[in-house]
Amino acid sequence: MDSLTQIVLGAAVGEAVLGKKVGNKAILYGAIAGTIPDLDVLAVHFTDTITAIEWHRGVTHSILFAVVMAPVFGWLISKIERKSPATWKDWSRLMFWGLVTHGFLDAFTTWGTQLFWPVHYPVSIQSIFVIDPLYTIPFLVFLILTMFQKRSSPKRQKFNRLGLIVSSSYLVLTLVVKGIAYQKFSQALDDQNITYLQMQNKPGPLNIVLWYANVETEDAFLIGSYSFFDTRPIQFHAFAKDHHLLGDWKEKRNMQRLIKITEGWYTITERDGELFLNDLRFGLINSDPSNPEFAFSYLLEEIDGEIYATEVDKNREDAQQLLSDLWVRIKGN
């Protein structure tokens, strides 16, 4: 999820763990705990693109990281807060829950997370977009109400508990809605006599009313959209896999790493003699399937026998147009 959401979650968890004892300092350090895992994005400044993608939502989002690092961070806080009634164990417990809940929340998104690192088993439930105001805003309101209550006030616990209950209930709702949308896509594929190998669905940006499906066939991927306000049948647009364009590159180590990252949901396109890998898991950022611009696309180059990937800059105008088109699409076809 986005940084603000993770800060709010970490702060609320910190309050639940230690708010009675240290008041708003529990919120402060909980917010810090909720931020720490996402510092892995700094890897892009120190390594190549493929390695940075592998590290993102990797070790720092794992249960093992929370177990190992919580006592370390707890010890550091105990040294900073020497006069606090909280002990090293108290701070360690706060940091553990702040770190581990970050990874669990990210597991609900499209990108997913490596909860069980070093075992490679990415958890990606794909039931909520990385930014969802309906999850974050009510949660944030309850957190603010909590902060303005005295440490000993029953209202403080009540508001924080309500924030956690409402946000958690919304996550459960996303699972229910995802299941309904999945059935709609599955039925549409059957009605249109489309034979496919596998299918996954995920929410559109900022909402859980509009959903998208990626469908794999023998030689192409299909992308379809469905709004709960739709009145016409679901349409699927085909994008050729064109994996053959990779030639011998497909067997090279870095190429295999990149394919593993996409979990096989990728197409290859050729433009002006250059090859691009498109990660289909995150969809398109324009509404023109005849001239697609994918949210994540990488220029592939071979240098001294090694394959290197460079992320293609996104077209801001297309992104702005996508947001303006989003509301229209949510209202139904």
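These legends go with three close-up views of a predicted model. Local features need pLDDT of at least 70 and side-chain atom pairs count only at pLDDT 80 or more, while totals for chains, interfaces and linings use all residues. Residues are numbered from 1 along each chain as its sequence is written, and side-chain values use heavy atoms, with hydrogens and water left out.

**View 1. H1 meets H2 (helices being DSSP runs of H or I, at least four residues, and strands runs of E, at least two, numbered from the N terminus).** The axes of H1 (residues 3-22) and H2 (residues 24-35) come within 6 Å and cross at roughly 145°; axes are lines fitted to C-alpha atoms, for helices over the stretch in contact, with angles from 0 to 180 degrees between N-to-C directions. On the H1 side you'll find Gly10, Gly14 and Leu18, among others, and on the H2 side residues including Ile27 and Gly30 (contact means heavy atoms within 4.5 Å).

**View 2. H4 against H5.** Here the axes of H4 (residues 63-80) and H5 (residues 88-106) come within 7 Å, crossing at roughly 140°. Phe65, Phe73 and Trp75 are among the H4 residues in the contact, with Trp88, Trp91 and Phe96 among those from H5.

**View 3. An open antiparallel sheet with a helix packed on it.** Its 4 strands line up as S1-S2-S3-S4, where pairing takes at least two DSSP bridges between two strands. S1 (198-203) and S4 (236-240) sit at the edges with a single partner strand each, so one side of each has no neighbour in the sheet. The twist averages 20° from one strand to the next. H7 (residues 154-191) packs on the sheet and touches S1, S2, S3 and S4.
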